[in-house]
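This report goes through a two-letter set of chains residue by residue where the detail allows. Please keep the sequence and the model open while reading.

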Amino acid sequence: MAAADELAFHAEFEEATNLLAQTPDAAITRSDQLTPQGHVAVVMDSGGSYGADDEVESDKAALLQEEKQQPGFWTFGYYQSFFDVDTSQVLDRIKGSLLPRPGHNFVRHHLRNRPDLYGPFWICATLAFVLAITGNLTLVLAQRRDPSIHYSPQFHKVTVAGITIYCYAWLVPLALWGFLRWRRGVRERVGPYTFLETVCVYGYSLFVFIPTVLWLIPVPWLQWLFGALALALSAAGLVFTLWPVVREDTRLAATVLLSTVVLLHTLLAMGCKFYFFQPLPLEHVAPPHQAMSQPPNTLPPTLPRSMAT
Amino acid sequence: MAEAAESPGDPGTATPRPLFAGLSDISISQDIPVEGEITIPMRSRVREFDSSTLNESVQNTIMRDLKAVGKKFMHVLYPRKSNTLLRDWDLWGPLILCVTLALMLQRGSVDSEKDGGPQFAEVFVIVWFGAVTITLNSKLLGGNISFFQSLCVLGYCILPLTVAMLVCRLVLLAELGPINFMVRFFVVIVMFAWSIVASTAFLADSQPPNRKALAVYPVFLFYFVISWMILTFTPQ
């Protein structure tokens with residue numbers, strides 16, 4: 001019927017215009033014999049896609065791109081995207097920070113460019129409380145040896161520890177990130193790490209200081225050994241992560257940056273050791289385990305002072 | 001006025017007569033008033049309940065709230081997987097517990113301001129901001145528990161630690177010594193474990209299974225810090 005042919009032609013024309021609108025480089029060839037459904041074959045360039053399948057895929061890709069757009073910072077979902085980690089991922093990142101290797105970049109290898117805020121936040125909280133509690137415990141141990149030292153819970157140290165650790169773990173990455181962006185301002189190649197990735201690196205690198213509860217062992221050279229080991233691991237992790245970013249820079253800037261990072265880390269470790277950990281009294285002669293097994297009321301005769309409680 | 005319509009008889013039809021066919025033959029000469037009372041038992045009870053909570057005595061109101069708080073205390077002391085704590089949350093219990101704990105942790109007179117134990121404000125801040133942080137953490141990790149439900153659970157599970165604080169204060173009335181310390185240490189450890197078990201019994205189900213440990217660890221840290229404050233309390 002003529003009407004049906006007209007309708008078919010219209011449908012085919014619409015289909016052709018739609019396809020053309022989407023891929024402007026295509027050219028339409030029409031087969032001489034219409035198929036019963038009246039399809040139009042569209043021949044496209046090499047840059048285009050074939051058939052209707054890729055249309056669906058490009059639609060899907062467009063949709064996925066829209067989903068990947070970050071929601072605004074005032075929505076809850078924005079912050080939820082930073083906590084999108086599983087237990088196994090967090091444990092893997094912690095292991096990666098404990099064992100830095102020269103070729104392994106923490107950001108690329110472990111974070112895989114998906115930083116999280118869970119690790120830095122709770123590692124800093126744990127570290128602050130561990131420092132305060134361990135510091136308090138050393139005071140207890142010191143008082144058992146030398147009863148003239150007045151023991152008190154020293155709760156204000158928790159506040160100090162918290163503020164110090166959080167400021168270090170958030171302000172130093174901010175400064176580092178700013179500096180790296182300034183240095184790379186002109187070159188548009190591989191960009192520096194985002195702010196969150198830097199925070200992540202610093203946060204996870206602080207994890208190695210948590211076992212400093214071992215500093216309770218009152219043997220001085222052992223304490224310094226543990227401190228040096230922790231500092232070396234932590235600083236090595238930072239240096240290996242930052243090296244790929246700064247190696248394209250001038251040698252002077254690279255060395256200055258890396259040495260500043262290591263220096264700040266050292267300052268933090270030393271400051272924590274001296275502020276939170278009570279140096280043990282030196283005039284005690286008896287070995288530590290003997291002093292701890294005795295009740296505080298009885299004293300070894302070498303101590304000149306007597307208990308005053 | 002209802003008048004019957006004369007239904008024309010059809011003596012010749014063989015159709016069956018419809019139901020109630022004879023009703024149309026009835027004619028009523030006067031109106032029957034249709035009035036009366038419809039009493040629905042439910043509605044009257046609701047109405048009575050609404051007005052009673054306004055007019056009841058203050059003692060009734062307080063006792064009702066106290067009973068609710070007491071029931072939740074029982075649920076914490078014997079943790080089962082029930083929804084009572086979650087369903088009707090309230091923050092009275094956590095407030096009572098936090099204030100009691102903070103008051104008991106205060107020292108009588110401090111020789112130096114800086115060297116003392118936690119002050120009232122510090123305990124308060126740690127408990128409430130700690131609970132808020134844990135709740136935010138669990139919600140950001142994708143848990144499906146509401147904000148106040150989580151605060152309620154965390155606050156109520158401080159009850160074992162408050163009991164531990166009471167016991168510690170009583171034990172500290174005796175003479176100081178290592179036995180004293182061991183008793184206090186044991187009590188605090190047991191109550192700490194009780195708190196953790198109670199709170200995870202309520203909170204663990206609301207997390208996706210591959211993130212449970214991530215959500216439970218801050219709870220552990222929170223109760224650990226409170227236990228530490230209780231254990232290191234020394235009266236002066």
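The text below covers chain B as a whole, the annotated spans, the salt bridges and the aromatic pairs.

**Basis**

This is a predicted model, in which local features need pLDDT of at least 70, side-chain atom pairs count only at pLDDT 80 or more, and totals for chains, interfaces and linings use all residues. Residues are numbered from 1 along each chain as its sequence is written, chains are lettered from A and ligands numbered from 1 in the order in which they are written, and side-chain values use heavy atoms, with hydrogens and water left out.

**Chain B overall**

Chain B has 9 helices and 0 strands, and its elements run α-α-α-α-α-α-α-α-α from the N terminus. Helices (H or I, at least four residues) and strands (E, at least two) are DSSP runs, numbered from the N terminus. Of the 236 residues in chain B, 38% are buried. Buried means under 20% relative accessible area, exposed over 50%, and partly exposed in between (1.4 Å probe, protein chains only). Among contacts in chain B (heavy atoms within 4.5 Å) between residues at least 6 apart in sequence, 73% join residues at least 24 apart.

The exposed area of chain B is about 14500 Å², and carbon and sulfur atoms supply 66% of it. Accessible areas come from the Shrake-Rupley method with a 1.4 Å probe; for residues, only the protein chains shown count as cover. A nonpolar surface patch consists of Leu19(B), Phe20(B), Leu23(B) and Ile26(B), with about 500 Å² of accessible area together. Patches are made of residues with over 30% relative accessible area and no salt bridge; like charges are joined within 9 Å, and nonpolar side chains (Val, Leu, Ile, Met, Phe, Trp, Tyr) within 5 Å. Within the patch, Phe20(B) sits in the segment before helix H1 (41–55) of chain B and is exposed, at 63% relative accessibility.

**Annotated spans**

UniProt, in an unreviewed entry, places the feature "transmembrane region" at residues 117–140, 160–180, 192–217, 223–245 and 252–276 of chain A. For chain B, the feature "transmembrane region" (unreviewed entry) is placed by UniProt at residues 91–108, 120–141, 147–174, 181–203 and 215–234. UniProt positions are given in the numbering used here, feature names are shortened, and annotations may be inferred rather than shown by experiment. The table gives the model's geometry for some of these spans.

| Residues | Helix | Strand | End C-alpha atoms apart |
|---|---|---|---|
| 117–140 of chain A | 96% | 0% | 35 Å |
| 160–180 of chain A | 100% | 0% | 30 Å |
| 147–174 of chain B | 82% | 0% | 42 Å |
| 215–234 of chain B | 85% | 0% | 32 Å |

Lys157(A) is found in helix H7 (residues 156–183) of chain A. Lys157(A) is buried, with a relative accessible area of 9%; leaving aside residues up to four places away in sequence, Lys157(A) touches Ala132(A), Tyr275(A) and Phe276(A). In chain B, Val167(B) belongs to helix H7 (residues 159–171) and is partly exposed at 30% relative accessibility. Val167(B) and Val187(B) are 20 residues apart in sequence, with 7.9 Å from C-alpha to C-alpha.

**Salt bridges**

Side chains of opposite charge can pair when their charged atoms come close. The whole structure holds 5 salt bridges over all chains, each a side-chain nitrogen of Lys or Arg within 4 Å of a carboxyl oxygen of Asp or Glu.

Asp116(A) and Arg93(A) meet at 2.5 Å, N to O. Asp116(A) lies in the loop between helix H5 (106–111) and helix H6 (118–145) of chain A and Arg93(A) in helix H4 (residues 87–98) of chain A, so the salt bridge ties together parts 23 residues apart in sequence. Asp116(A) is buried at 2% relative accessible area, and Arg93(A) is buried at 4%.

In chain B, Glu56(B) and Arg64(B) form a salt bridge at 3.2 Å, N to O; Arg64(B) is partly exposed, at 41%. Lys72(B) and Asp90(B) form a salt bridge at 2.6 Å, N to O. This pair links distant parts of the chain, with Lys72(B) in helix H2 (residues 58–77) and Asp90(B) in the loop between helix H3 (84–87) and helix H4 (92–104), 18 residues apart. Lys72(B) is buried at 5% relative accessible area, as is Asp90(B) at 13%. Salt bridges that share partners also join Asp84(A), Asp86(A) and Arg211(B) into one network.

**Aromatic pairs**

Over all chains there are 20 aromatic pairs. Rings of Phe, Tyr and Trp (its six-membered ring) pair if their centres lie within 6.5 Å; planes under 30 degrees apart count as stacked, over 60 as edge-to-face and the rest as tilted. Tyr78(A) and Tyr79(A) are an edge-to-face pair, 5.1 Å centre to centre with 85 degrees between the planes. Phe147(B) and Phe148(B) are also edge-to-face, at 5.3 Å and 85 degrees. Ring pairs further link Phe192(B), Tyr217(B), Phe220(B) and Phe224(B) into a cluster.
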